[in-house]
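Let's take a walk through this model together, one piece at a time. Have the sequence and the 3D view open as you read.

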Amino acid sequence: MNKNSLVTFIVFTFFLAGMMPETATPKGKPVHFDAPFLQDYSIKYYFNQPGVTLRKVAADRNGKIQVLASNGLLHPHAGAFLYPGTLEKDGTHRPFNDKNFAGLAAYQQQLIYLDDEAILSNAWAGELFSKHEMPGAKLFAAGADFTFLLASGRDLKLLKDSKELWKGRTPEQILDLKYDQATQKFWILTSRALFTFSSEGKELKPFFEGSGFTSFDVVGFGTKTLIGTPNGYIEVNNISQKQMGEMKSKLPVPEITVVKEVNGKVWFGSPEGAFMQRNDGKFNYYYGERWLPGNRVIDIVDGPDNSVLILTDKGLGQIFFKEITLAEKANYFGKQVRLRHIRNGFNASLSGMTNGDLSTGYLDDSDNDGLWTSMYLGSQVFRYAVTQSEEALQNTIESLDAMERLYTINPVPGFPSRSFERSGYIDILSDPERWQHSSDPEWDWKATTSSDEAIGHVFVFGAIAELIDVEPLRNKAVRLLDELMQHIVDNDLYLIDYDGKPTTWGRWNPEYVNGFPTSVGDRKLNSSNIVAMLQTAYHFTKKEIYKEKAFELMHDYGYLENLMRPMEEIGKAPEGADDWAAMLSESWNHSDDEMYYLGYWDLYRYAFNDTLQAKFRESIIDHWEHERPEKEGLWNLFTAMVSHEFDLDEAIWYLQEYPLDLIDWTVKNSHRKDIQLIPENFRRQTIKEVLPPDELPVRRHNANRFGLDAAGEGRSEYSAGDIWLLPYWLGRYLEVIE
């Protein structure tokens, strides 16, 4: 075997073994090899019975989950991802219906119980029935060889086989007790102290003193103890019995209700959700109904199938950690779109839902049906170019039909409607400026089309024309592209609506564009977009009018200078600017970013010559440098089109961290103490470092990724078609995701 063959064999072997590094640099560009990663998602079980409180949760080796409530035992009923279940009375073992249970735990992977008479279990053929004669006992922990420590108020009792081995008392009421296998000791917590107890020496020893203690766990194979308080947690070295550093208070929520180590990860419960400490010391935050039925966390334990069980005041959240690849995630999201988000061929949202119930939603129209569909279409075009998938081709055909009808359903040649819907399902009288009757009485169409629709159309028409090798489909895309651009050129670079007037936003005329001060973003944006659109039209139609108009704008009207203007010069309009310019430049417009980047596909790939292409590349990279703090997956992957220097790791992070649940649940982060707020600024960046997508509200690419809160209440579900599938398949097409 020669040297090159040996290297190839080693690399291939590592790849098969899942040991390939996340990025490599063949051909000088970074590439992500699609190794499995842990995807978290939640199944929720709601509980709503007034006057009943939830207390403990446990699971056994068979995967059976039980919850202890103030009125008895409960277990999960039904429940699947996105389809919550409930907690119902567990009458599986009839004799238990008459028991007055005070405690529930897992011991040797079996469920054990504390009632007012004994510690008992149905495991071990029911032989465990250790009477305790401590009727007020509320807490218990299982030690070695079926030895148990019970607590009632301040009193403790050590028990084995119904025999009292020791009893004692603490100065204050006992809040919690646990047995740690590594130290072979029982640990007892009060509000002012932590004690240890050895069943061999039978001596209760003070271990650490303080105040305001709420919860604890012994972690790190017995090397340290974490003690929760209302203001954070204390870390104690179990060898020196000394506090390690200051109290840790830079947490999502400093008020700690639960501390629990699960599978080597430390979890914390709080009145506002749960959080897990990562290897880098930061936290994954699980807040709201994307993850939990309620936010007040009562208990956290290890669950079946690589899950964590989080008991809250309103039910149980079971958070799973499943190994998947980006390709598998793409397959899931592809099905999500096809099953719930296709309306007349459009990529649509499911709206009108009641508290996240998918069965209550309906497919809604949008001002941006053409834009969101263009972006989903783009994903399927790239998918087809990579895989030659017949399914991707059929998806493209169906959505392009919807795009085509945007042009044919209204009476204005070359004018794209915003949307259309069957008559009678839209309140036209409430929005008479936008909704119009078509010549077909069965349908209405939406007017006032904007520039973001236009750039979306041109982006995907160009992508189809370049990458789809099916001639009728390609011809349709080129024809629609030509019709749109001919309309714009014929109407002096305006979109002219049914009333003969330019739409509010469809304006690329020099009088409008250059009427803005140079600091106002619309001057740069509209110049960039129209040059990209004209280039694309020329590239595929070869009509000289498009090329002539583009060069006229660039050289005679300064559009090249406009689009090359550095992003650092974009800001608020100067004093004395008109109200329109002032309004448009109040802050950074993230919708503009989306329009820029969709246009960059056309601006760069279809540049008239190498000189212009080099300039456009410079402008794109300048924009990307300013966007880097957002870690936006799509912006990074579009930048991969022009440069090998882009944040691939951040793009992969975006794709991996995006939640599988795209329902617009209420999300809150502004209260967190582990984030660093920064002063108000033009870009509307609220914190120093952007949070992961699964901790933020679900938002499209035109939104501010530094927006921390949203009161969604589960009223709609977003489509993954534009949000996730477009960046993923773009990365696949550009060969930076393998």
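In what order do the four strands β12, β13, β14 and β15 sit in their open sheet, and is the pairing parallel or antiparallel? The order is β12-β13-β14-β15, and the pairing is antiparallel. If you look for the edges, you'll find β12 (139-142) and β15 (163-169), each of which pairs on one side only. From one strand to the next, the twist averages 20°. For a closer look, pick β14 (residues 155-160), which runs antiparallel to β15 and is joined to that strand by six bridges. One spot to click on is Asp155, which stands opposite Arg169 in β15.

Before going further, a word on how far to trust the picture. This is a predicted model, and the mean pLDDT of the chain is 95, with 96% of its residues at 70 or more. The stretch to be careful with is residues 1-22, where the pLDDT is below 50. That stretch has 14 contacts in the model beyond near neighbours in sequence. Where pLDDT is low, the predicted coordinates shouldn't be read in detail.

Now move to another open sheet, again made of four strands, in the order β8-β9-β10-β11 and with antiparallel pairing. Here β8 (101-107) and β11 (129-131) stand at the edges; each has a single partner strand, so one side of each is left without a neighbour in the sheet. Ignoring direction, neighbouring strands in this sheet are turned by 15° against each other on average. Strand β10 (residues 118-120) pairs with β11 in the antiparallel sense over three bridges. Within that pairing you can find Ile119 opposite Ser130 in β11.

Strands of a sheet pair through backbone hydrogen bonds, either parallel or antiparallel. You can see both senses around β7 (residues 85-89), and β3 is a good place to begin. β3 and β7 run parallel and are joined by two bridges, with Tyr45 standing opposite Gly85 in β7. Strand β6 (residues 72-77), on the other hand, pairs with β7 in the antiparallel sense, over four bridges. There, Leu74 has Lys89 of β7 as its bridge partner.

β3 also leads us to a pocket. β3 (37-46) is one of the elements that give two or more residues to the lining of the second largest pocket. The others are β25 (265-270), β27 (283-286), β29 (307-312), β30 (315-324) and α15 (648-657). So much for the list; which element gives the largest share of the lining? That is α15, with six residues.

The second largest pocket holds about 1,200 Å³ of space, and 45 residues line it. To find its centre on screen, look for Arg278, Phe283, Asn284, Glu657 and Pro692, the lining residues that lie nearest to it. As for chemistry, the lining divides into 19 nonpolar, eight polar and 18 charged residues.

Note on methods. Residues numbered from 1 in each chain as written. Predicted model: local features only at pLDDT ≥ 70, side-chain atom pairs only at ≥ 80, totals over all residues. Heavy atoms only, no water. pLDDT = per-residue confidence, 0-100. Contact = heavy atoms within 4.5 Å. 1 Å grid on protein atoms, 1.4 Å probe; cavity = no way out; pocket = protein on both sides within 12 Å on 5 of 7 lines; lining within 4 Å. Points joined across faces, edges and corners; volume = space filled by probe spheres on them. Nonpolar A, V, L, I, M, F, W, Y, C, P; charged D, E, K, R; others polar. Pairing = 2+ DSSP bridges. Axes fitted to C-alpha atoms, helices over the stretch in contact; angles between N-to-C directions.
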